[in-house]
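User: I'd like to go through this one label by label and hear what stands behind each call. Can you take me through it?

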Amino acid sequence: MISFILRRLASAVPTLFIVVTISFFMMRFAPGGPFNLERPLPPQTMENLNRAYGLDLPLWEQYLRYLSNVVHGDFGPSYVYRDNTVDQLIAMGLPYSIKLGLLALLLALIGGVAAGTYAALRQNSLTDLLVMSVSTVGVTVPNFVVGPVLTLVFAVILAWLPAGGWGDGSLRFLILPMIALALPQLAVFARLMRGAMIEALHADHIRTARAYGLPARTVIVTHAMRAALLPIVSYLAPCAAGLLTGSAVIESIFSIPGVGRYFVIGAINRDYTLVMGTVVLIAIFVIVFNLVVDLLYGLLDPRVRHE
Amino acid sequence: MTSSITTLRALLAATIFFAAAPSWAENVLYRGNAGEPTTLDQHHTSINIEEFILKDLYEGLTLYDAKGVIVPGAAESWTLSKDGLTYTFKIRENAKWSDGSPVTAEDFVFSFRRAEDPKTAAAYANILYPIKNAEKVNKGELPIDQLGARAIDAKTLELTVERPTPFFLELLAHQTALPLSKASVEKNGADFVKPGVLVSNGAFKLAEHVANDHLTLVKNPEHWDAANTKLDKVIFYPLEDQAAAVRRYEAGELHVDYNFSADQLPRLRQQFGGEVHVSPALATYYYTFDTRSEPMNDVRVRRALSMAVDRDFLANEIYKGAQQPLYSWIPPGIASYGTPEKADFADKGQLDREDEALKLMKEAGYGEGGKPLTLEIRYNTNPNHERVATAIADMWKTTFGAQVSLVNLDVSSHYSYLQQDGKYSAARAGWTADYADAENFLSLNISTNKTFNYAHWKNADYDALMAKSYDEQNPEARQKLLHQAEAILMKEQPVAPFLVNNDLWLVSKKVQGWYDNANNQHLSRFLSVSN
């Protein structure tokens, strides 16, 4: 088990190296640079800036420097947010993104699994139809529509909840962004769960369990659920990595001070280091969650064991 | 029993009183600020959402008052030598930093040197180029101690300029010219901008900064005019999503909100009436023509294209009145300049303009019966710019039968293309004044201006008038030269001004002391909130 984890972590190093290299050069292929602003700078200033940030060096030298800094955990200065390094920006924003992301993940997971199971048990009933229709809407309506509608209803019209901001981080402030962030994922989980559950309920071992006269609850919760959770678990990795590293859309609609926005802002402003920092961050999350999911698989599915 | 109930009541009352007390006692302004400041370092800032915060924190030698008029700031008075080259500023005896130490002439010298030091790479270093040797220092051609800024004693600052600069006092109110506590920057290095470290000399000091969430300023009791600062606290919210910001205003979470989407204007006017402020800015929206090659090297083509653009349509239909039609290069609102020089077709009706445009285009040999007119409009990606470009393409198609294609790039790519001599026929650009003087607009089109003369326009008369204006010491004669220059520019139309930008604000009725002004200056120290 431990050697499996260590092997997986070791294989992450070349993956990250490739991610860093590709994104470094892809960023540089984009025209313009971090200092080409709507309000253009005079050439002298541009020259001074490029020199100050080492952007006047040959590209390969910049790449080597960057690589050596990254190895030391230094993602460099942000070209846009001058008062902070990329490390500082991520350190400041990540806790907010993780807290909101975890809440949304829990909501999506519990809500999705419950709704999917419920629908599967009453297959082709009106409830099933309702759950599936709502989840189709959840998947297809983008969160830049859901977010504003939620604030309009609950903050502007009803005035029950704040319209945005982190405030003191209490649930009051987080409910709306949490729902908007969770909804599409909740819908995916519900659909996955329903499909897997229906399949599981028709499996041979369930029929056997029923034939033994086991109580329905035991059959569903201990036996069917366990098999049905497998697709959920595989989807969990990309979903968790996505939710925990923040969403640019949700963060800007609800003014959440997370890291999700940095990828978009960085890309638009050619903030090379900020983009690279967020790309590496997301890559790390994906790698870690894939590992976690593989371990979970081992627990759920007796056919998969990590020796 | 009775007494215990009374005690309980008293306790309850006290709890309620103390819980509510802060909101009664404190005068807090909640300010929506259209985006996260990229820095609180006055020498790296370049945009107005940073300016709003920095000018609440720091006080320059001069400043704009609530109505946008230049008044003494940290300097209580100044004198100008007869030759117009040496300014002597007297810094207020009671001007202090938020740590209690005095604001000295040396702090200003330090800040100005830092701004021009090539190692700082200040975004707006050029704003202080009128100071003697500033440009050479910034280019690394002279050591920084050669800058024309000198502390005569602790409270006397002498600034020398390269040549008489009539708008120098305006420049000194720019955020790049704000002072820095020399002691604090030398001690803290790049961290001097962090909350708990930042030392400021303005009406407020920095209390808290959570990036992308809020930035809190509290009243600076050390400020010389603290007695007249009514607010105890200003909280800036960096709201990039304009629609989200409006919703927060509607939910009563903001007193002031800066910039909202133009298409919201009719609805917001209906809902909030006088709380909607539409204030013409010193900012233009224009198209530039590449005069290096055919057909744009022909003045008749440029004039015809400019005339065929229905500016009223752009302003009223696309921007819903959030921008206004513009026919001059310089937007109205610069007091020293007076009425700008409009293009000669400005007073005609749009139909007459189109007839004349068609005639001019025929004369030039393009359009129906002549050479085909193939044009490309370049603009930076933005829904409004796209609507404008589509409308203009349509106007040129219907008037001249032109073939018009649209190309859009993101902001960085668009401007780097224009500045790096990329070929084009027509391209969108904008300019917002750095200081309220006509020269700030007219200097863009001087043929030696390698950065901003996107049109690559070369006009000897224009260049000569501008050169003369720099040497002219008599203010009236100088303004006359600038007017003549603008008249040539508008006749030649290497640039076609279309719109004046408006600053859009939502200002709650609870806010007192708010005045719209073309300089878009709204220092929180002049504001107060009633509950």
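Analyst: Sure. Among contacts in chain A between residues at least 6 apart in sequence, 71% join residues at least 24 apart. Keep in mind that this is a predicted model.

User: What makes up the secondary structure of chain A, helices or strands?

Analyst: Helices: there are 12 of them and zero strands. Read from the N terminus, the elements go α-α-α-α-α-α-α-α-α-α-α-α. The C-alpha atoms of chain A fill a box of roughly 85 × 55 × 30 Å along the principal axes, and buried residues account for 41% of its 307 residues.

User: Why is Arg270(A) called buried?

Analyst: The cut-off for buried is 20 or more other C-beta atoms within 10 Å. Arg270(A) has 24 C-beta neighbours inside 10 Å, so it counts as buried. You'll find Arg270(A) in the loop between H11 and H12 of chain A.

User: What is notable about the phi of Arg270(A)?

Analyst: Its sign: phi is positive, about 55°, although Arg270(A) is not a glycine. Just ahead of this residue, H11(A) has its own buried set, with Gly260(A), Arg261(A), Tyr262(A), Phe263(A), Ile265(A) and Gly266(A). The cover over those buried residues includes H4, H10 and helix H12 (272-300) of chain A.

User: And Ala34(B), why is that one buried?

Analyst: Same kind of test. Ala34(B) has 21 other C-beta atoms within 10 Å, and the threshold is 20 or more, so the label is buried. Ala34(B) sits in the loop between strand S1 (28-32) and helix H2 (48-57) of chain B. Ala34(B) also has a positive phi, about 60°, without being a glycine.

User: Why is Asp232(B) called partly exposed?

Analyst: Buried takes 20 or more neighbours and exposed takes 12 or fewer, with partly exposed in between. Asp232(B) has 16 C-beta neighbours inside 10 Å, so partly exposed it is. The residue lies in the loop between strand S9 (214-219) and strand S10 (233-237) of chain B.

User: Which residues does Asp232(B) contact, neighbours within four places aside?

Analyst: Glu26(B), Asn27(B), Val28(B), Val218(B) and Lys219(B). For Val218(B), 14 residues away along the chain, the C-alpha atoms are 5.7 Å from those of Asp232(B).

User: What makes Asn94(B) exposed?

Analyst: Asn94(B) has 12 other C-beta atoms within 10 Å. Exposed means 12 or fewer, so that count qualifies. Asn94(B) belongs to the loop between strand S5 (86-91) and helix H3 (105-116) of chain B. Its C-alpha atom and that of Ala122(B), 28 residues apart along the chain, are separated by 30 Å.

User: How do you know which peptide bond is cis in the loop holding Pro295(B)?

Analyst: From omega: the bond joining Glu294(B) and Pro295(B) is cis, with omega at about -5°. Pro295(B) is in the loop between strand S12 (276-289) and helix H9 (299-307) of chain B.

User: What does the largest nonpolar core consist of?

Analyst: It has 222 residues, and Phe189(A), Met193(A), Leu128(B), Ala308(B) and Trp396(B) touch the most other members. Helix H7 (residues 171-201) of chain A gives the most, 18 residues. The core also takes at least three residues from each of domain 1 (28-234 + 508-529) and domain 2 (281-503) of chain B. As for Phe189(A), leaving out residues up to four places away in sequence, it touches Ala108(A), Leu109(A), Gly112(A), Val113(A), Gly116(A) and Ile232(A).

User: How many residues of each chain are in the contact between A and B?

Analyst: 42 from chain A and 41 from chain B. H2(A) supplies the largest share of chain A's side, six residues. That side divides into 23 nonpolar, 13 polar and six charged residues.

User: And how many residues connect the two domains of chain B?

Analyst: 12 residues of domain 1 are in contact with 14 residues of domain 2. The domain 1 side has six nonpolar, four polar and two charged residues. The centres of the two domains, over C-alpha atoms, are 34 Å apart.

How values were computed
Residues are numbered from 1 along each chain as its sequence is written. Chains are lettered from A and ligands numbered from 1 in the order in which they are written. This is a predicted model: local features need pLDDT of at least 70, side-chain atom pairs count only at pLDDT 80 or more; totals for chains, interfaces and linings use all residues. A nonpolar core is a set of buried Ala, Val, Leu, Ile, Met, Phe, Trp, Tyr and Cys residues joined through C-beta atoms within 7 Å. Helices (H or I, at least four residues) and strands (E, at least two) are DSSP runs, numbered from the N terminus. Domain bounds come from an automatic or database domain assignment. Two residues are in contact if their C-beta atoms, placed from the backbone, lie within 7 Å. Ala, Val, Leu, Ile, Met, Phe, Trp, Tyr, Cys and Pro count as nonpolar, Asp, Glu, Lys and Arg as charged, and the others, Gly among them, as polar.
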